[in-house]
Amino acid sequence: ITQREQQGGTAQWLNARELLTFSSRLLEAIPPERDPYLTHLDGTARGLVRAGFHYYAASVYRERGDAGRAAEHFRQFHARLTPELRRIYEVDETRWGVERNAR
């Protein structure tokens with residue numbers, strides 16, 4: 001039903017750019033450090049919330065052809081990872097146009 005409503009102009013989907021804007025505004029309005037749902041998490045875990053945002057932003061900008069913004073968000077994502085997760089995502093860095101020495 002929602003797909004038909006969207007096609008008819010009576011409903012909207014959150015596409016990549018709109019979801020990125022929504023997520024960015026949500027992080028500004030209620031940062032993970034103040035989010036009541038996330039208060040039980042430690043600082044490292046709350047940092048992973050921000051890391052997830054930056055990973056998504058990097059993918060949106062990469063799809064839009066904005067390599068500079070994609071690389072910057074990937075650097076932000078990578079900086080917030082735990083050492084264990086950083087090793088896993090190390091192989092991904094060339095996808096985002098990030099130079100090893102740029103981090």
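This briefing describes the fold, the nonpolar cores, the main pocket and two buried residues of one protein chain. The structure is a predicted model. The chain contains five helices and zero strands, and its order along the sequence reads α-α-α-α-α. Of its 103 residues, 27% count as buried.

**Overall fold and surface**

- The protein chain exposes about 7,200 Å², and carbon and sulfur atoms supply 51% of that area.
- Among contacts with a sequence separation of 6 or more, 47% join residues that are 24 or more positions apart.
- Three of the helices discussed below are helix H2, spanning residues 16-29, helix H3, spanning residues 43-63, and helix H4, spanning residues 67-79.
- Helix H5 covers residues 83-89.

**Nonpolar cores**

- The largest nonpolar core consists of seven residues, namely Leu20, Leu27, Phe53, Ala57, Val60, Tyr61 and Ala70.
- Helices H2 and H3 are the elements that give two or more residues to this core, and H3 provides the largest share, with four residues.
- A second, separate core has five residues, including Ala51, Ala58, Phe74 and Leu81.
- Leu20, a member of the largest core, is in contact with Phe53, Tyr56, Ala57, Val60 and Tyr61 when neighbours within four places in sequence are left aside.

**The largest pocket**

- The largest pocket has a volume of about 190 Å³.
- Its lining is formed by Leu19, Ser23, Leu26, Leu27, Ile30, Pro32, Asp35, Leu38, Val49, Phe53 and Tyr56.
- By residue class, the lining divides into nine nonpolar residues, one polar residue and one charged residue.
- Helices H2 and H3 each supply at least two of the lining residues, and the largest share, four residues, comes from H2.
- Leu27 and Phe53 line the pocket and also belong to the largest nonpolar core.
- Tyr56 is another lining residue, and Leu20 touches Tyr56.

**Alanine 51**

- Alanine 51 is located in helix H3 and is one of the residues of the second core.
- Alanine 51 counts as buried because its relative accessibility is 2%, which is under the 20% cut-off.
- Beyond its neighbours within four places in sequence, alanine 51 is in contact with Phe77, Arg80 and Leu81; of these partners, Leu81 is also listed in the second core.
- The C-alpha atoms of alanine 51 and histidine 73 are separated by 8.9 Å, although the two residues are 22 residues apart along the chain.

**Threonine 82**

- Threonine 82 lies in the loop between helix H4 and helix H5.
- Threonine 82 has a relative accessible area of 17% and is therefore buried, since the cut-off is 20%.
- Not counting residues up to four places away in sequence, threonine 82 touches Thr44 and Leu48.
- Leucine 48 and threonine 82 are 34 residues apart along the chain, and their C-alpha atoms are separated by 8.4 Å.

Terms used
Residues are numbered from 1 along each chain as its sequence is written. This is a predicted model: local features need pLDDT of at least 70, side-chain atom pairs count only at pLDDT 80 or more; totals for chains, interfaces and linings use all residues. Side-chain values use heavy atoms; hydrogens and water are left out. On a 1 Å grid over the protein atoms alone, a cavity is a set of points where a 1.4 Å probe fits but cannot get out, and a pocket is an open set with protein on both sides within 12 Å along at least five of seven lines; lining residues have an atom within 4 Å of a point. Grid points are joined across faces, edges and corners, and a volume is the space filled by probe spheres set on the points. Ala, Val, Leu, Ile, Met, Phe, Trp, Tyr, Cys and Pro count as nonpolar, Asp, Glu, Lys and Arg as charged, and the others, Gly among them, as polar. A nonpolar core is a set of buried Ala, Val, Leu, Ile, Met, Phe, Trp, Tyr and Cys residues joined through side-chain atoms within 4.5 Å. Buried means under 20% relative accessible area, exposed over 50%, partly exposed in between (1.4 Å probe, protein chains only). Contact means heavy atoms within 4.5 Å. Accessible areas come from the Shrake-Rupley method with a 1.4 Å probe; for residues, only the protein chains shown count as cover.
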